Amino acid sequence: MPPAADTTTAPRSGVRPQTEQPRSPRSRYLGWLFAVAIAAAAFNLRPVVTSLGPLLDQVRADLGMNPTVAGLLTAVPSLCFALFGFAAPGMARRLGPVAVITAGMGAITAGVLARSFAGGTAVFLLLTALALAGVAVSNVLIPVVIKRYFPEKVGPMIGLYSMSLSAGTSLAAAVTVPLTGALGGDWRVGLGVWAGLAGVALLLWLAVLVFKRERGERAGGGAATDRLPITRSRTAWAMACFFGLQATGAYVVMGWLPKIFQDAGVSEGTSGVLLALTMVIGVPVSFVLPNLAARRGDQRLFVVVLASCGIAGYAGLALAPAAAPWVWATLVGLSNCAFPLVLTMIGLRARTAGGVAQLSAFAQGVGYLISIPGPILIGRLYQATGDWYLPLGFLALLLVPQMLFGLRAALARHIEDEAVRPAAPAKA
(Lines give C-alpha, C1' and ligand atoms only; values in the text may rest on other atoms or scores of the structure.)
Protein backbone atom coordinates (compact mmCIF):
# COMPACT_ATOMS: atom_id res chain seq x y z
CA MET A 1 0.00 0.00 0.00
CA PRO A 2 2.55 2.58 -1.11
CA PRO A 3 1.91 6.29 -0.84
CA ALA A 4 0.19 7.38 -4.01
CA ALA A 5 0.56 10.62 -5.87
CA ASP A 6 -1.96 13.34 -5.03
CA THR A 7 -3.75 13.72 -8.33
CA THR A 8 -6.51 16.03 -7.19
CA THR A 9 -7.41 18.78 -9.59
CA ALA A 10 -6.74 22.41 -8.88
CA PRO A 11 -9.68 24.06 -7.10
CA ARG A 12 -11.28 27.22 -8.37
CA SER A 13 -10.37 29.03 -5.17
CA GLY A 14 -6.71 29.05 -6.16
CA VAL A 15 -5.49 26.54 -3.56
CA ARG A 16 -2.52 24.75 -5.03
CA PRO A 17 -2.66 20.97 -4.73
CA GLN A 18 0.29 19.16 -3.24
CA THR A 19 1.94 16.32 -5.06
CA GLU A 20 3.82 13.34 -3.74
CA GLN A 21 5.73 11.38 -6.36
CA PRO A 22 7.44 8.08 -5.57
CA ARG A 23 11.16 8.75 -5.34
CA SER A 24 12.65 5.29 -4.88
CA PRO A 25 11.76 1.58 -4.90
CA ARG A 26 11.43 1.71 -1.12
CA SER A 27 8.22 3.75 -1.49
CA ARG A 28 6.16 0.56 -1.41
CA TYR A 29 7.64 -0.48 1.92
CA LEU A 30 7.25 3.05 3.22
CA GLY A 31 3.57 2.84 2.26
CA TRP A 32 3.09 -0.28 4.36
CA LEU A 33 5.02 1.34 7.22
CA PHE A 34 2.71 4.35 6.95
CA ALA A 35 -0.37 2.11 7.11
CA VAL A 36 0.88 0.21 10.17
CA ALA A 37 1.87 3.48 11.86
CA ILE A 38 -1.58 4.99 11.22
CA ALA A 39 -3.27 1.91 12.69
CA ALA A 40 -0.97 1.95 15.74
CA ALA A 41 -1.55 5.66 16.33
CA ALA A 42 -5.32 5.28 16.04
CA PHE A 43 -5.30 2.40 18.51
CA ASN A 44 -3.74 4.70 21.12
CA LEU A 45 -6.08 7.68 20.73
CA ARG A 46 -8.75 6.57 23.25
CA PRO A 47 -7.16 4.37 25.98
CA VAL A 48 -6.00 7.62 27.62
CA VAL A 49 -9.69 8.17 28.46
CA THR A 50 -11.35 4.75 28.42
CA SER A 51 -8.73 3.09 30.64
CA LEU A 52 -9.31 5.74 33.33
CA GLY A 53 -13.09 5.38 33.70
CA PRO A 54 -13.12 1.85 35.17
CA LEU A 55 -10.41 2.80 37.70
CA LEU A 56 -11.65 6.29 38.54
CA ASP A 57 -12.89 5.35 42.03
CA GLN A 58 -9.46 3.98 42.96
CA VAL A 59 -7.73 7.03 41.51
CA ARG A 60 -10.03 9.39 43.44
CA ALA A 61 -9.47 7.56 46.72
CA ASP A 62 -5.70 7.38 46.37
CA LEU A 63 -5.17 10.99 45.24
CA GLY A 64 -7.85 12.52 47.48
CA MET A 65 -9.70 13.81 44.42
CA ASN A 66 -13.00 15.50 45.30
CA PRO A 67 -16.17 14.74 43.30
CA THR A 68 -16.10 18.12 41.54
CA VAL A 69 -12.62 17.50 40.14
CA ALA A 70 -13.57 13.94 39.23
CA GLY A 71 -16.53 15.34 37.30
CA LEU A 72 -14.20 17.79 35.58
CA LEU A 73 -12.31 14.82 34.15
CA THR A 74 -15.34 14.00 31.97
CA ALA A 75 -15.11 17.42 30.29
CA VAL A 76 -11.31 17.63 30.01
CA PRO A 77 -10.99 15.33 26.95
CA SER A 78 -13.40 17.34 24.81
CA LEU A 79 -11.85 20.63 25.93
CA CYS A 80 -8.32 19.45 25.14
CA PHE A 81 -9.40 17.97 21.82
CA ALA A 82 -10.89 21.33 20.85
CA LEU A 83 -8.11 23.65 22.04
CA PHE A 84 -5.13 21.64 20.83
CA GLY A 85 -6.98 20.55 17.70
CA PHE A 86 -7.27 24.18 16.61
CA ALA A 87 -3.48 24.54 16.94
CA ALA A 88 -2.65 21.42 14.90
CA PRO A 89 -2.76 22.94 11.35
CA GLY A 90 -0.38 25.75 12.28
CA MET A 91 2.05 23.27 13.80
CA ALA A 92 1.77 21.07 10.70
CA ARG A 93 2.55 24.02 8.40
CA ARG A 94 5.76 24.71 10.31
CA LEU A 95 6.96 21.17 10.99
CA GLY A 96 4.98 18.87 8.70
CA PRO A 97 2.07 16.66 9.82
CA VAL A 98 4.24 13.56 10.25
CA ALA A 99 6.50 15.39 12.72
CA VAL A 100 3.54 16.70 14.69
CA ILE A 101 1.87 13.28 14.88
CA THR A 102 5.20 11.82 16.03
CA ALA A 103 5.35 14.45 18.76
CA GLY A 104 1.73 13.60 19.61
CA MET A 105 2.64 9.94 20.10
CA GLY A 106 5.49 11.08 22.33
CA ALA A 107 3.11 13.21 24.39
CA ILE A 108 0.69 10.29 24.79
CA THR A 109 3.49 7.95 25.86
CA ALA A 110 4.99 10.42 28.33
CA GLY A 111 1.67 11.58 29.74
CA VAL A 112 0.19 8.12 30.27
CA LEU A 113 3.39 6.79 31.84
CA ALA A 114 4.11 9.80 34.03
CA ARG A 115 0.58 10.22 35.39
CA SER A 116 0.80 6.72 36.87
CA PHE A 117 3.47 8.15 39.21
CA ALA A 118 1.52 11.33 40.06
CA GLY A 119 1.40 12.12 43.75
CA GLY A 120 -1.43 14.62 43.65
CA THR A 121 -4.54 15.65 41.78
CA ALA A 122 -3.05 18.70 40.05
CA VAL A 123 -0.12 16.75 38.62
CA PHE A 124 -2.42 13.92 37.52
CA LEU A 125 -4.68 16.37 35.67
CA LEU A 126 -1.70 18.14 34.07
CA LEU A 127 -0.17 14.91 32.78
CA THR A 128 -3.54 13.69 31.55
CA ALA A 129 -3.87 16.98 29.64
CA LEU A 130 -0.40 16.39 28.12
CA ALA A 131 -1.51 12.98 26.83
CA LEU A 132 -4.78 14.45 25.55
CA ALA A 133 -2.86 17.17 23.70
CA GLY A 134 -1.07 14.40 21.80
CA VAL A 135 -4.41 12.76 21.08
CA ALA A 136 -5.87 16.07 19.85
CA VAL A 137 -3.19 16.90 17.28
CA SER A 138 -3.18 13.30 16.03
CA ASN A 139 -6.98 13.32 15.74
CA VAL A 140 -6.75 16.28 13.39
CA LEU A 141 -3.66 15.39 11.37
CA ILE A 142 -4.00 11.67 10.66
CA PRO A 143 -6.76 12.40 8.08
CA VAL A 144 -4.37 14.97 6.60
CA VAL A 145 -1.60 12.39 6.21
CA ILE A 146 -4.11 10.01 4.62
CA LYS A 147 -5.26 12.66 2.15
CA ARG A 148 -1.68 13.68 1.28
CA TYR A 149 -0.08 10.27 0.88
CA PHE A 150 -3.07 8.05 0.01
CA PRO A 151 -5.30 10.32 -2.09
CA GLU A 152 -6.69 7.39 -4.10
CA LYS A 153 -7.29 5.27 -0.98
CA VAL A 154 -9.03 7.71 1.36
CA GLY A 155 -11.91 5.32 2.09
CA PRO A 156 -9.85 2.21 2.92
CA MET A 157 -7.31 4.18 4.95
CA ILE A 158 -9.96 6.04 6.94
CA GLY A 159 -11.54 2.62 7.47
CA LEU A 160 -8.27 1.25 8.84
CA TYR A 161 -7.89 4.31 11.06
CA SER A 162 -11.47 4.13 12.38
CA MET A 163 -11.36 0.38 12.95
CA SER A 164 -8.11 0.65 14.92
CA LEU A 165 -9.49 3.53 16.96
CA SER A 166 -12.63 1.54 17.82
CA ALA A 167 -10.51 -1.49 18.72
CA GLY A 168 -8.36 0.56 21.09
CA THR A 169 -11.41 2.16 22.67
CA SER A 170 -13.22 -1.11 23.35
CA LEU A 171 -10.12 -3.06 24.43
CA ALA A 172 -9.10 -0.45 27.01
CA ALA A 173 -12.63 -0.33 28.43
CA ALA A 174 -12.92 -4.11 28.59
CA VAL A 175 -9.54 -5.27 29.89
CA THR A 176 -8.24 -2.47 32.13
CA VAL A 177 -9.91 -3.78 35.30
CA PRO A 178 -9.00 -7.48 34.88
CA LEU A 179 -5.53 -6.52 33.68
CA THR A 180 -5.04 -4.33 36.76
CA GLY A 181 -6.14 -7.20 38.98
CA ALA A 182 -3.76 -9.61 37.26
CA LEU A 183 -0.88 -7.17 37.76
CA GLY A 184 -1.45 -6.77 41.49
CA GLY A 185 -4.46 -4.47 41.74
CA ASP A 186 -2.60 -1.14 41.71
CA TRP A 187 -4.33 1.45 39.51
CA ARG A 188 -0.96 3.02 38.72
CA VAL A 189 0.18 -0.16 36.98
CA GLY A 190 -3.22 -0.59 35.31
CA LEU A 191 -3.04 2.89 33.75
CA GLY A 192 0.70 2.97 33.11
CA VAL A 193 0.76 -0.26 31.12
CA TRP A 194 -0.99 1.52 28.21
CA ALA A 195 2.12 3.64 27.75
CA GLY A 196 3.83 0.55 26.34
CA LEU A 197 1.49 0.38 23.34
CA ALA A 198 1.82 4.13 22.84
CA GLY A 199 5.60 3.68 22.85
CA VAL A 200 5.32 1.16 20.01
CA ALA A 201 3.35 3.69 17.98
CA LEU A 202 5.97 6.34 18.77
CA LEU A 203 8.75 4.12 17.41
CA LEU A 204 6.81 3.48 14.20
CA TRP A 205 6.22 7.20 13.65
CA LEU A 206 9.87 7.97 14.36
CA ALA A 207 10.74 5.51 11.59
CA VAL A 208 8.26 7.20 9.23
CA LEU A 209 9.69 10.60 10.16
CA VAL A 210 13.25 9.48 9.41
CA PHE A 211 12.38 7.89 6.07
CA LYS A 212 9.97 10.59 4.92
CA ARG A 213 12.03 13.65 5.89
CA GLU A 214 9.15 16.13 5.82
CA ARG A 215 9.87 19.82 6.04
CA GLY A 216 6.91 21.90 7.08
CA GLU A 217 4.65 23.53 4.50
CA ARG A 218 6.68 22.30 1.56
CA ALA A 219 6.81 18.69 2.71
CA GLY A 220 6.37 16.32 -0.16
CA GLY A 221 7.64 18.80 -2.70
CA GLY A 222 4.44 20.81 -2.93
CA ALA A 223 4.02 24.51 -2.59
CA ALA A 224 2.58 26.04 0.53
CA THR A 225 -1.18 25.75 0.78
CA ASP A 226 -3.17 28.97 1.01
CA ARG A 227 -5.08 29.42 4.23
CA LEU A 228 -8.79 29.37 3.56
CA PRO A 229 -11.39 31.63 5.20
CA ILE A 230 -13.06 28.43 6.28
CA THR A 231 -15.80 30.12 8.28
CA ARG A 232 -17.29 31.18 4.93
CA SER A 233 -17.96 27.55 4.05
CA ARG A 234 -21.43 26.25 4.89
CA THR A 235 -20.15 22.73 4.44
CA ALA A 236 -17.50 23.32 7.12
CA TRP A 237 -20.10 24.62 9.58
CA ALA A 238 -22.44 21.71 8.81
CA MET A 239 -19.55 19.29 9.32
CA ALA A 240 -18.64 20.88 12.66
CA CYS A 241 -22.23 20.68 13.94
CA PHE A 242 -22.59 17.10 12.70
CA PHE A 243 -19.32 16.16 14.39
CA GLY A 244 -20.31 17.86 17.66
CA LEU A 245 -23.74 16.25 17.88
CA GLN A 246 -22.46 12.76 17.13
CA ALA A 247 -19.70 13.24 19.74
CA THR A 248 -22.33 14.30 22.27
CA GLY A 249 -24.20 11.03 21.82
CA ALA A 250 -21.01 8.97 21.91
CA TYR A 251 -19.74 10.50 25.17
CA VAL A 252 -23.15 10.17 26.83
CA VAL A 253 -23.29 6.49 25.87
CA MET A 254 -19.77 5.82 27.16
CA GLY A 255 -20.52 7.58 30.43
CA TRP A 256 -24.13 6.61 31.19
CA LEU A 257 -25.19 3.44 29.33
CA PRO A 258 -24.24 1.00 32.13
CA LYS A 259 -26.21 3.10 34.63
CA ILE A 260 -29.25 3.12 32.31
CA PHE A 261 -29.23 -0.69 32.16
CA GLN A 262 -28.52 -1.09 35.89
CA ASP A 263 -31.50 1.12 36.79
CA ALA A 264 -33.64 -1.23 34.65
CA GLY A 265 -32.50 -4.25 36.70
CA VAL A 266 -29.64 -5.45 34.50
CA SER A 267 -26.63 -6.69 36.51
CA GLU A 268 -23.43 -4.69 36.68
CA GLY A 269 -21.49 -7.37 34.83
CA THR A 270 -24.02 -7.58 32.01
CA SER A 271 -24.31 -3.80 31.73
CA GLY A 272 -20.54 -3.61 31.27
CA VAL A 273 -20.69 -6.22 28.53
CA LEU A 274 -23.51 -4.28 26.84
CA LEU A 275 -21.35 -1.13 26.86
CA ALA A 276 -18.49 -3.14 25.37
CA LEU A 277 -20.89 -4.35 22.67
CA THR A 278 -21.67 -0.77 21.61
CA MET A 279 -17.93 -0.19 21.19
CA VAL A 280 -17.00 -3.54 19.64
CA ILE A 281 -19.67 -3.28 16.96
CA GLY A 282 -17.85 -0.20 15.71
CA VAL A 283 -14.72 -2.23 14.85
CA PRO A 284 -16.00 -4.03 11.72
CA VAL A 285 -18.46 -1.27 10.80
CA SER A 286 -15.72 1.36 11.05
CA PHE A 287 -13.68 -0.57 8.50
CA VAL A 288 -16.51 -1.22 6.03
CA LEU A 289 -18.44 2.05 6.26
CA PRO A 290 -15.72 4.47 5.05
CA ASN A 291 -15.07 2.26 2.01
CA LEU A 292 -18.75 2.28 1.09
CA ALA A 293 -19.16 6.00 1.81
CA ALA A 294 -16.11 7.02 -0.23
CA ARG A 295 -17.49 5.27 -3.32
CA ARG A 296 -20.61 7.43 -3.43
CA GLY A 297 -20.93 10.99 -4.65
CA ASP A 298 -22.57 11.92 -1.37
CA GLN A 299 -23.13 10.14 1.91
CA ARG A 300 -26.71 11.17 2.79
CA LEU A 301 -28.04 7.61 2.86
CA PHE A 302 -25.57 6.64 5.60
CA VAL A 303 -26.41 9.75 7.63
CA VAL A 304 -30.11 8.82 7.65
CA VAL A 305 -29.57 5.12 8.39
CA LEU A 306 -27.25 5.75 11.36
CA ALA A 307 -29.50 8.43 12.87
CA SER A 308 -32.52 6.13 12.50
CA CYS A 309 -30.67 3.37 14.36
CA GLY A 310 -29.98 5.82 17.19
CA ILE A 311 -33.59 6.98 17.45
CA ALA A 312 -34.80 3.39 17.59
CA GLY A 313 -32.14 2.46 20.15
CA TYR A 314 -32.87 5.37 22.49
CA ALA A 315 -36.62 4.74 22.21
CA GLY A 316 -36.09 1.12 23.22
CA LEU A 317 -33.88 2.13 26.14
CA ALA A 318 -36.53 4.58 27.35
CA LEU A 319 -39.58 2.35 26.97
CA ALA A 320 -38.35 -1.21 27.61
CA PRO A 321 -34.61 -1.26 28.43
CA ALA A 322 -34.60 -4.76 29.94
CA ALA A 323 -36.83 -6.31 27.27
CA ALA A 324 -34.22 -6.44 24.51
CA PRO A 325 -31.00 -4.90 25.90
CA TRP A 326 -28.77 -6.54 23.28
CA VAL A 327 -30.87 -5.06 20.47
CA TRP A 328 -30.81 -1.55 21.98
CA ALA A 329 -27.04 -1.73 22.59
CA THR A 330 -26.48 -2.84 18.99
CA LEU A 331 -28.62 -0.02 17.57
CA VAL A 332 -26.89 2.59 19.73
CA GLY A 333 -23.49 1.19 18.73
CA LEU A 334 -24.43 1.49 15.06
CA SER A 335 -25.56 5.08 15.62
CA ASN A 336 -22.16 5.91 17.10
CA CYS A 337 -20.58 4.80 13.82
CA ALA A 338 -21.36 8.33 12.64
CA PHE A 339 -17.80 9.01 13.85
CA PRO A 340 -16.00 7.07 11.07
CA LEU A 341 -18.54 8.49 8.63
CA VAL A 342 -17.72 12.09 9.53
CA LEU A 343 -13.99 11.35 9.34
CA THR A 344 -14.51 10.01 5.84
CA MET A 345 -16.49 13.08 4.82
CA ILE A 346 -13.73 15.36 6.16
CA GLY A 347 -11.29 13.62 3.82
CA LEU A 348 -13.67 13.95 0.87
CA ARG A 349 -14.90 17.51 1.31
CA ALA A 350 -11.50 19.14 0.59
CA ARG A 351 -9.35 18.89 -2.52
CA THR A 352 -5.92 19.07 -0.89
CA ALA A 353 -4.13 17.90 2.24
CA GLY A 354 -3.96 21.52 3.39
CA GLY A 355 -7.70 21.87 2.96
CA VAL A 356 -8.27 18.66 4.91
CA ALA A 357 -6.05 20.01 7.71
CA GLN A 358 -8.10 23.17 8.03
CA LEU A 359 -11.44 21.37 7.75
CA SER A 360 -10.38 18.68 10.21
CA ALA A 361 -9.21 21.24 12.78
CA PHE A 362 -12.32 23.37 12.35
CA ALA A 363 -14.83 20.51 12.41
CA GLN A 364 -13.22 18.71 15.34
CA GLY A 365 -12.37 21.87 17.30
CA VAL A 366 -15.85 23.39 17.05
CA GLY A 367 -17.45 19.96 17.28
CA TYR A 368 -15.76 18.98 20.54
CA LEU A 369 -16.71 22.34 22.05
CA ILE A 370 -20.32 21.62 21.11
CA SER A 371 -20.11 18.20 22.78
CA ILE A 372 -18.85 19.41 26.19
CA PRO A 373 -22.24 20.22 27.79
CA GLY A 374 -23.95 17.00 26.65
CA PRO A 375 -22.90 14.46 29.32
CA ILE A 376 -23.28 17.09 32.05
CA LEU A 377 -26.79 18.04 30.90
CA ILE A 378 -27.89 14.41 30.69
CA GLY A 379 -26.71 13.89 34.27
CA ARG A 380 -28.64 16.95 35.44
CA LEU A 381 -31.82 15.79 33.69
CA TYR A 382 -31.50 12.38 35.30
CA GLN A 383 -30.89 13.93 38.71
CA ALA A 384 -33.91 16.23 38.35
CA THR A 385 -36.38 13.58 37.15
CA GLY A 386 -35.06 10.38 38.74
CA ASP A 387 -35.59 8.35 35.57
CA TRP A 388 -34.26 8.09 32.02
CA TYR A 389 -37.31 9.04 29.94
CA LEU A 390 -36.43 12.70 29.55
CA PRO A 391 -32.64 12.24 29.09
CA LEU A 392 -33.14 9.52 26.46
CA GLY A 393 -35.88 11.52 24.75
CA PHE A 394 -33.48 14.46 24.59
CA LEU A 395 -30.79 12.27 23.01
CA ALA A 396 -33.26 10.99 20.42
CA LEU A 397 -34.33 14.57 19.69
CA LEU A 398 -30.70 15.62 19.16
CA LEU A 399 -30.45 13.09 16.35
CA VAL A 400 -32.86 15.18 14.28
CA PRO A 401 -30.53 18.21 13.94
CA GLN A 402 -27.62 15.77 13.67
CA MET A 403 -29.33 14.23 10.65
CA LEU A 404 -30.10 17.63 9.11
CA PHE A 405 -26.54 18.92 9.49
CA GLY A 406 -25.23 15.56 8.28
CA LEU A 407 -27.37 15.72 5.15
CA ARG A 408 -25.86 19.13 4.34
CA ALA A 409 -22.32 18.01 5.09
CA ALA A 410 -22.77 14.86 2.99
CA LEU A 411 -23.35 16.72 -0.27
CA ALA A 412 -20.59 16.23 -2.85
CA ARG A 413 -18.97 19.65 -2.48
CA HIS A 414 -15.52 21.02 -1.62
CA ILE A 415 -14.81 23.67 0.97
CA GLU A 416 -12.34 25.38 -1.38
CA ASP A 417 -15.26 26.20 -3.69
CA GLU A 418 -17.24 27.78 -0.85
CA ALA A 419 -14.53 29.44 1.25
CA VAL A 420 -13.55 31.92 -1.44
CA ARG A 421 -12.00 35.22 -0.47
CA PRO A 422 -13.70 38.27 -1.96
CA ALA A 423 -11.79 39.59 -4.95
CA ALA A 424 -9.64 42.61 -4.20
CA PRO A 425 -10.97 45.83 -5.75
CA ALA A 426 -9.19 46.81 -8.94
CA LYS A 427 -6.83 49.76 -8.68
CA ALA A 428 -7.55 52.78 -10.78
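Which helix supplies the largest share of the lining of the second largest pocket? In this predicted model, that share comes from α4, which contributes four residues to the lining. The pocket has a volume of about 150 Å³, and its lining is made up of Phe86, Pro89, Gly90, Arg93, Arg227, Leu228, Ile230, Gln358, Ala361 and Phe362. Both α4 and α16 supply at least two residues of this lining.

Helix α4, which spans residues 67–95, also gives the most to a nonpolar patch on the surface, again with four residues. The patch is formed by Leu79, Leu83, Phe84, Phe86 and Leu369, which together present about 430 Å² of accessible area. Phe86 thus belongs to the patch and is also listed among the residues that line the second largest pocket. Leucine 369 lies in helix α16, which covers residues 353–371, and with a relative accessible area of 38% this leucine is partly exposed.

In the interior, the largest nonpolar core comprises 90 residues, of which Phe34, Ile38, Tyr161, Trp205 and Leu341 touch the most other members. Helix α6 (residues 121–149) gives the most to this core, with 12 residues. A second core, separate from the largest one, consists of 24 residues and includes Val252, Ala329, Val332 and Ile378.

Enclosed space was examined next. Rolling a probe the size of a water molecule over the atoms shows where empty space is left. The structure holds four cavities of 30 Å³ or more, and the largest cavity has a volume of about 370 Å³. This cavity is lined by 21 residues, among which Leu165, Thr169, Ala250, Asn336 and Phe339 are the closest to its centre. Two or more residues of the lining are given by each of the elements α7 (154–182), α10 (234–263), α11 (268–280), α12 (282–294) and α15 (338–348). The contribution of α10 to the lining of the largest cavity, six residues, is the most that is given.

Five salt bridges were found in a search of the whole structure. One of them joins the side chains of arginine 188 and aspartate 62, with an N to O distance of 3.3 Å. This pair links distant parts of the chain, since arginine 188 is located in helix α8 (residues 187–192) and aspartate 62 in helix α3 (residues 56–63), the two being 126 residues apart. Arginine 188 counts as partly exposed at 22% relative accessibility, and aspartate 62 likewise counts as partly exposed, at 44%.

Another salt bridge, with an N to O distance of 3.2 Å, is formed by the side chains of lysine 259 and aspartate 263. Because these residues are four residues apart in helix α10, lysine 259 and aspartate 263 are separated by about one helical turn. Lysine 259 has a relative accessible area of 32% and is partly exposed, as is aspartate 263, for which the value is 38%.

A further salt bridge brings together the side chains of arginine 300 and aspartate 298, at 3.0 Å from N to O. In this pair, arginine 300 counts as partly exposed at 36% relative accessibility, whereas aspartate 298, with a relative accessible area of 19%, is buried. The assignment for aspartate 298 follows from the cut-off, because buried means under 20% relative accessible area and the value for aspartate 298 is 19%.

Terms used: Residues numbered from 1 in each chain as written. Predicted model: local features only at pLDDT ≥ 70, side-chain atom pairs only at ≥ 80, totals over all residues. Heavy atoms only, no water. Patch = residues over 30% accessible without salt bridge, like charges linked within 9 Å, V, L, I, M, F, W, Y side chains within 5 Å. Areas by Shrake-Rupley, 256 points an atom, 1.4 Å probe, with all protein chains shown as cover. Salt bridge = Lys/Arg side-chain N within 4 Å of Asp/Glu carboxyl O. Buried < 20%, exposed > 50% of the residue type's maximum accessible area, 1.4 Å probe, protein only. Core = buried A, V, L, I, M, F, W, Y, C linked by side-chain atoms within 4.5 Å. 1 Å grid on protein atoms, 1.4 Å probe; cavity = no way out; pocket = protein on both sides within 12 Å on 5 of 7 lines; lining within 4 Å. Points joined across faces, edges and corners; volume = space filled by probe spheres on them.
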